[in-house]
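Me: I'd like a close look at one part of this model, taken slowly and residue by residue. Start with a single side chain, then work outwards to whatever else you can describe.

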Amino acid sequence: MSPHQAPPANAKDIASPWRDDGSSRIPSPVYTSREIYDLELERIFYGKHWSYVGLEIEVPEAGCFKRTAIGERSVIMIRNRKGEINVLENRCAHRAMRFCQERSGKVKTLVCPYHQWNYNHDGKLLGVPFQRGVKGNGGMPEDFSLEDHPLNRLKVEVRNGVVFACFDHEVEDLETYLGPEILACFDRTFDGRQLTLHGYSRQRIPGNWKLMMENIKDPYHPGLLHTWFVTFGLWRADNESQLRIDEKGRHAAMLSRRAQKVTENVAEGVTSFRQNMTLHDMRLLDIVQEDWWGQHTVCMTTVFPNVIFQQQVNSLSTRQIIPVGPDAFDFVWTHFGFAEDSEEMTQRRLTQANLFGPAGFVSADDGEVIEFSQEGFRQAPEFSTLCELGGRDVGPTEHNVTETLIRGMYRYWREVMEL
Amino acid sequence: MTRISLREDIAELMAAYAHCLDDGELAAWPDFFTSDAWYRVVPRENFERDLPLSTLSLQGHGMMRDRLYGVESTIFHAPYYQRHILSQTHIVSHEDDTIEARTNYLVLRTKRDLPPEIFNTGVYHDRIVATPQGLKFAQRFCVFDNDLIPNSLIFPI
């Protein structure tokens, strides 16, 4: 290897910043180091992990595509003429062009504008201009074969309208990957009903991507940071709650039940701990119990490494994490409903969307605290977080006063990263 | 209303609105709207594709006041100033007492200890109505181009 080349990311070449064998004290470099981040891209985002790509309804017809990313690699989700979903790497086989620049659209074939290389919806190379030269001159070598130069096609699984993909075709099947506890949470929302797309919110958060996973594995903060939740009665420390976690510790779900009689409570005006504080407009909290919820009014599911599935009362979204270096990530919210929703329910979901997203009453501040944690990590390379609420172990609980889900993720992270 | 005085009144409405958000009393913000007005901040992507999701969608003075309460009392955020730079207003139509108008805007954000940055830019799609209290927004959609919001959006645009 020439001295000018960066060595490939390899755990053996990286000094582990961890000072113990546990997962409750997370060292600053885990959030700030470029070489650790490069290894994460390799082993986590491009390794044997399923990444969320989108919802099937985003590409309703043959040729409809959506551009997104897994890790820092740009990919295209596209439906073919048989109705199947493909996920193709957005990189021409010729000169590596990221040829697809629109966010979404509909095409007959995928064409790289640089030299008009032309691919079908399965990523197969259909033709290249001047393959046989011009008037006997030039052209591709005799042994050039279109079949040898497709777009990189990822392994794909679609489960009840949700599309996952993986660069590594040796990955286990999605059901095994999620494990029974998390699969149950996933299927609770995505049970095969037809979805409808409500739209997107996008934000760039200047913090390490894992901090967002931690945020949604942390039931300690909502009642403390999100004053709005508490003020208007959506969160109380004594809410009945359950934390679920898969065997490997990488995925998790936080389920909770707000009040027994949701609608009655709302109709009474939501008495809050600030006794005289009520909303001027109750439509912001016009919560209607839906049959499929069962006993829980909230279910926040983190699927490692790049997606959070949100059911917060009537508001539904997927929140996709796209890392852009160790210090920032893009956070893409895709809000949806069900085709069976009444007009009132659709409106209710859209109004409750004011609580979530980059401006949300109870999530704008998540982005802010992540930014300031990142600043703290940068100024203190020797620091380790203290993540020991509820002990130092990993496992499911029937309460909220624990950081066990975060410890679970880092237990797994240390295994896969060998750090 | 003559064409010229109408233009002057609209220009004054736009300038006063920006002043209210940038330097004035935030509590006065709902007064720029009719009582049942619809205020939206919506990514251009959703708007052009007829996807109904908004970044903020507030219907009426009540929700607007609830938002201000959230901004001032419950949402934790880094303090920042914002400054609106507006284009001239294009009057799309004017029938009876209702004016449809478009105004480009640029909102700069200045956080403590940092240089100013472009925070949000787009077009106000306005429906303005004449009321006994003067011109009010019956509808104000802030359709923004930079759909990747730099972290969080707290104050109204």
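Reply: Let's start with Arg349(A), which sits in helix α8 of chain A, the stretch covering residues 343-352. Keep in mind that this is a predicted model. Is Arg349(A) buried or exposed? With a relative accessible area of 2%, Arg349(A) falls under the 20% cut-off for a buried residue, so this arginine counts as buried. Leaving out residues up to four places away in sequence, Arg349(A) touches His198(A), Glu290(A), Asn314(A) and Leu316(A). The list of contacts goes on with Phe336(A), Gly337(A), Phe338(A) and Asp341(A).

Now for two loop residues in chain A. Ala62(A) belongs to the loop that links β1 (51-55) and β2 (64-70) of chain A. Here the relative accessible area is 31%, so Ala62(A) is partly exposed. Which residues does Ala62(A) touch, if those up to four places away in sequence are not counted? They are Arg79(A), Asn80(A), Arg81(A), Lys106(A) and His121(A). Take His121(A) from that list: 59 residues separate it from Ala62(A) along the chain, while their C-alpha atoms are 8.2 Å apart.

The other loop residue is Gly390(A), found between α9 (364-379) and α10 (404-417) of chain A. Gly390(A) makes contact with Val401(A), Thr402(A) and Arg407(A), again not counting residues up to four places away in sequence. As for Glu403(A), it lies 13 residues from Gly390(A) in sequence, and the C-alpha to C-alpha distance is 6.4 Å.

Next, the empty space. How many cavities of 30 Å³ or more does the structure hold? There are six, and the largest has a volume of about 200 Å³. Its lining is made up of 19 residues, and those nearest the centre are Pro222(A), Phe229(A), Met254(A), Met300(A) and Gln312(A). Two elements of chain A, β13 (252-257) and β14 (298-303), each give two or more residues to the lining of the largest cavity. β13(A) gives the most, with three residues. Sorted by class, the lining of the largest cavity comes out as 11 nonpolar, six polar and two charged residues.

The second largest cavity has a volume of about 50 Å³. Phe229(A) and Gln312(A) turn up in the lining of this cavity, and both are also among the residues nearest the centre of the largest cavity. The rest of the lining of the second largest cavity consists of Leu234(A), Trp235(A), Asn239(A), Ser256(A), Arg258(A), Thr297(A) and Val298(A). Its class tally is four nonpolar, four polar and one charged.

Over to chain B, by way of the interface. The contact between the chains draws on 34 residues from chain B and 42 from chain A. Together the two chains bury about 3300 Å², with 54% of that on carbon and sulfur atoms. On the chain B side, Leu53(B), Asp66(B) and Asn151(B) lose the most area to chain A, and together they account for 21% of what that side buries.

Within chain B, the strand to look at is β6(B), residues 134-144. Why say that β6(B) is largely enclosed by the rest of the structure? Because nine of its 11 residues are buried. β6(B) pairs with two strands that can be described here. With strand β1 of chain B (residues 33-43), β6(B) pairs in the parallel sense over seven bridges, and Tyr39(B) stands opposite Arg140(B) in that strand. With strand β5 of chain B (residues 117-131), the pairing is antiparallel and runs over 10 bridges. There, Val129(B) faces Lys136(B), and Ala130(B) has Leu135(B) as its bridge partner. β5(B) and β6(B) also form a hairpin, with two residues between them.

β5(B) has a further antiparallel pairing, with strand β4 of chain B (residues 98-111), joined by 12 bridges. One pair of bridge partners there is Thr103(B) and Tyr124(B). β4(B) and β5(B) form a hairpin too, this time with five residues in between. In that turn, Asp113(B) has a positive phi of about 70 degrees.

Key
Residues numbered from 1 in each chain as written. Chains lettered and ligands numbered in written order. Predicted model: local features only at pLDDT ≥ 70, side-chain atom pairs only at ≥ 80, totals over all residues. Heavy atoms only, no water. Buried < 20%, exposed > 50% of the residue type's maximum accessible area, 1.4 Å probe, protein only. Helix = DSSP H or I, 4+ residues; strand = E, 2+ residues; numbered from the N terminus. Pairing = 2+ DSSP bridges. 1 Å grid on protein atoms, 1.4 Å probe; cavity = no way out; pocket = protein on both sides within 12 Å on 5 of 7 lines; lining within 4 Å. Points joined across faces, edges and corners; volume = space filled by probe spheres on them. Nonpolar A, V, L, I, M, F, W, Y, C, P; charged D, E, K, R; others polar. Contact = heavy atoms within 4.5 Å. Buried area = accessible area lost by both parts, 1.4 Å probe.
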